[in-house]
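Subject: The structure we talked about

Hi there,

Here is the structure I promised to pass on. Please open it alongside this email, and have a look at it before reading my notes.

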Amino acid sequence: MRSPLQYLRSLFFVGQMYLAMPVVGLLYLPLALASPRGATMAARHYCHWVRWTARWMVGLKSEVRGTPPEGEVLIAAKHQSFFDIILLVGSLPRPRFIMKKSLTWAPVLGWYALRIGCIPVDRGKRGQAIATMRRQVAEGRQMPGQLIIYPQGTRVAPGVSRPYKIGAGVLYQQLGQPCVPAATNVGLFWPRTGIYRKPGLAVLEYLPPIAPAQPIDVFMAQLEETVETASDRLMAEAGFTTGT
């Protein structure tokens, strides 16, 4: 049963979180205009703020396990809610995402996303989306950093099965870089939609890298097995079982 007090705390938390976004954006605007590194600094500080306020306002602690990569790698991450984005950006030196094109119109967030090097893709048409993604990644290779893709293409609630899309394999083959899988359990505490936030320990875990130059089908099978197994483990650690 949901606690009315916890809902009220969640409401205040979510409100201040969205209010803090334009505040941080304006404070860091001169640095962000001067350099993409300034924009990255703003994004990281915002993420630290969200993690800190989540801890004391709604009792949601967070932890990053494994070693965040520092070089140029592809990161293929489980996506359950906005909070896993917060943990990724807050723990990586130069994160940039393959993101939905519609997000570029989001106030503050959209401009900063483009400034740090995120790559917008229209996912409406699969073939066209992959071609656009490949071209934009190739054009952006001069910007070093960690390129993040959500291989399932969208947020997936805990316990829900959704296929892994070929886009992750296409990027893996094109870049010729190691791929670092990332697992999470954040959806147990911070859902895909809604206000209510549960107290607990949300975890993002970086897993051992997958070596480059494997066939796409082999890579995709290994990626899905690795991420799903680790995410299930993290969710079971938090007390989740199928049907919970």
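Below are my notes on one strand, two residues and a pocket. Please keep in mind that this is a predicted model.

**Strand β5**

Let's start with β5, which covers residues 146-149. Are its two faces covered or open? Both are covered. Q146 and I148 sit on one side and L147 and I149 on the other, and all four are buried. As a general point, side chains in a regular strand alternate between the two faces of the sheet.

Strand β5 has two partners in my notes. Strand β2 (residues 73-77) runs parallel to β5, and 4 bridges join them. Strand β3 (residues 95-100) also pairs with β5 in the parallel sense, over 3 bridges. If you want a residue to click on, try L147: it is the bridge partner of L74, and also that of R96.

**S81**

Next, please go to the loop between β2 and α4 (82-91), where you will find S81. Its relative accessible area is 0%, so S81 counts as buried. What does the side chain of S81 reach? It comes to the backbone oxygen of W190, at 2.9 Å. Setting aside neighbours within four places in sequence, S81 is in contact with R155, V186, W190, P191 and R192.

**M235**

The other residue I looked at is M235, in helix α8 (residues 216-237). M235 counts as buried because its relative accessibility is 4%, where the cut-off for buried is under 20%. Which residues does M235 touch, apart from its neighbours within four places in sequence? They are Q80, P158, T184, N185, L188 and F240. You could also check the C-alpha atoms of M235 and A183: these residues are 52 apart along the chain, and the two atoms are separated by 9.9 Å.

**The second largest pocket**

Finally, a pocket. The second largest one holds about 330 Å³ of space. It is lined by 14 residues, and those closest to its centre are P158, G187, L188, F189 and K198. Two of these names, P158 and L188, may look familiar, as they are among the contacts of M235. By type, the lining divides into 8 nonpolar, 3 polar and 3 charged residues.

That is what I have for now. Do write back if you would like to go through any of it together.

Best wishes

Key:
Residues numbered from 1 in each chain as written. Predicted model: local features only at pLDDT ≥ 70, side-chain atom pairs only at ≥ 80, totals over all residues. Heavy atoms only, no water. 1 Å grid on protein atoms, 1.4 Å probe; cavity = no way out; pocket = protein on both sides within 12 Å on 5 of 7 lines; lining within 4 Å. Points joined across faces, edges and corners; volume = space filled by probe spheres on them. Nonpolar A, V, L, I, M, F, W, Y, C, P; charged D, E, K, R; others polar. Buried < 20%, exposed > 50% of the residue type's maximum accessible area, 1.4 Å probe, protein only. Pairing = 2+ DSSP bridges. Polar contact = N/O pair within 3.5 Å; in protein donor to acceptor, adjacent residues only side chain to side chain. Contact = heavy atoms within 4.5 Å.
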